[in-house]
Amino acid sequence: MISKKRLWTFRLLSAAVILTAAAAGWYILYWMKTPEYAAGMIRESYETRNFPLFQHYVDLPVLYGALYDDAAEQIAPDRGSSNSLVLWAIKKMKDPAVEEMIRQTQEEFEKKPASAVNDPWTEELLNRLKSRVGTAALTLSDIISIERAGQNAVLSVRVHDGDLNREFIWKIEMAQSSDGSWKAVKIINFRDYLDKRAQLEAQHSKKE
């Protein structure tokens, strides 16, 4: 027969184990719904080339849609921005261009051979975007910091441009989804980055 003292000790230990497990579970669930956790998953997905994981924590349609808008404004003058037909065409090409960027991102993650783009206009525009952004030479160097602001957060990452041998800081807006998880949705300072990179490219070309 178990004595009252042993029974009390057993109940106390059981309660302690339950409370510890509950606290650990709460912490894990809480941590998984923080921008810091999402940032870690973005980095892990990038390093392990895990596209589904990357896609879960980066809202690619929204992110690429914003990048397209920012970059198109700089590309438009190269094709005659005063021509309303050109501006209309650039706007109409946004959806297929974003879809193509997502597809090419997946190919890059999975190291599949790049397939040809069916639409020559979309292909030309994407080539201009890639050239202006410098995507072929960009690599993620480090995650610097995360700053929270209510339902949003700003992730600062350092990217290295192999062509220019320069590092840039991207400020990435993260938004909380309805399920509590966080996703990257926009590079806040992307236009500034494009301006700075264009200046450096011009200087680099002069030196050559």
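User: What makes Tyr-68, Trp-170, Phe-190 and Tyr-193 stand out in the largest nonpolar core?

Analyst: In this predicted model, the core has 44 residues, and Tyr-68, Trp-170, Phe-190 and Tyr-193 are those that touch the most other members. The largest share of this core comes from helix H4 (residues 60-75), which supplies seven residues.

User: Why is this set of 44 residues called a nonpolar core?

Analyst: The term requires buried residues of listed types, Tyr, Trp and Phe among them, joined through side-chain atoms within 4.5 Å. Buried, in turn, means under 20% relative accessible area. Tyr-68, Trp-170, Phe-190 and Tyr-193 are members, so each of them is buried by that cut-off. In soluble globular proteins, nonpolar side chains tend to be buried together.

User: How much of the protein chain counts as buried, and what is its accessible surface?

Analyst: Of its 208 residues, 35% count as buried. The accessible surface of the chain is about 13,100 Å², with 57% of it belonging to carbon and sulfur atoms.

User: What is the order of helices and strands along the sequence?

Analyst: The chain has eight helices and four strands, and they follow the pattern α-α-α-α-α-α-α-β-β-β-β-α.

User: How do you know that S3 and S4 pair, and in which sense?

Analyst: Pairing needs at least two bridges found by DSSP. Strand S3 (residues 166-176) and strand S4 (residues 182-187) have five bridges, in the antiparallel sense, so the criterion is met. Met-174 stands opposite Ala-184 in S4. The two strands form a hairpin with five residues between them, and Gly-180 in the turn has a positive phi of about 95°.

User: What about S1 and S2: over how many bridges do they pair?

Analyst: S1 and strand S2 (residues 152-161) pair over ten bridges, in the antiparallel sense; with at least two required, they therefore count as paired. Ile-146 has Leu-155 in S2 as its bridge partner.

User: What makes S1 and S4 the edge strands?

Analyst: The open sheet has four strands in the order S1-S2-S3-S4, with antiparallel pairing. Strand S1 (138-149) and S4 each pair on one side only. From one strand to the next, the twist averages 30°.

User: Which strands does helix H2 touch, and what is its direction relative to S1?

Analyst: Helix H2 (residues 35-48) packs on the sheet and touches S1, S2, S3 and S4, with its direction at about 170° to that of S1. Angles run from 0 to 180 degrees between N-to-C directions, so a value of about 170° means that H2 and S1 run in nearly opposite directions.

Methods: Residues numbered from 1 in each chain as written. Predicted model: local features only at pLDDT ≥ 70, side-chain atom pairs only at ≥ 80, totals over all residues. Heavy atoms only, no water. Buried < 20%, exposed > 50% of the residue type's maximum accessible area, 1.4 Å probe, protein only. Areas by Shrake-Rupley, 256 points an atom, 1.4 Å probe, with all protein chains shown as cover. Contact = heavy atoms within 4.5 Å.
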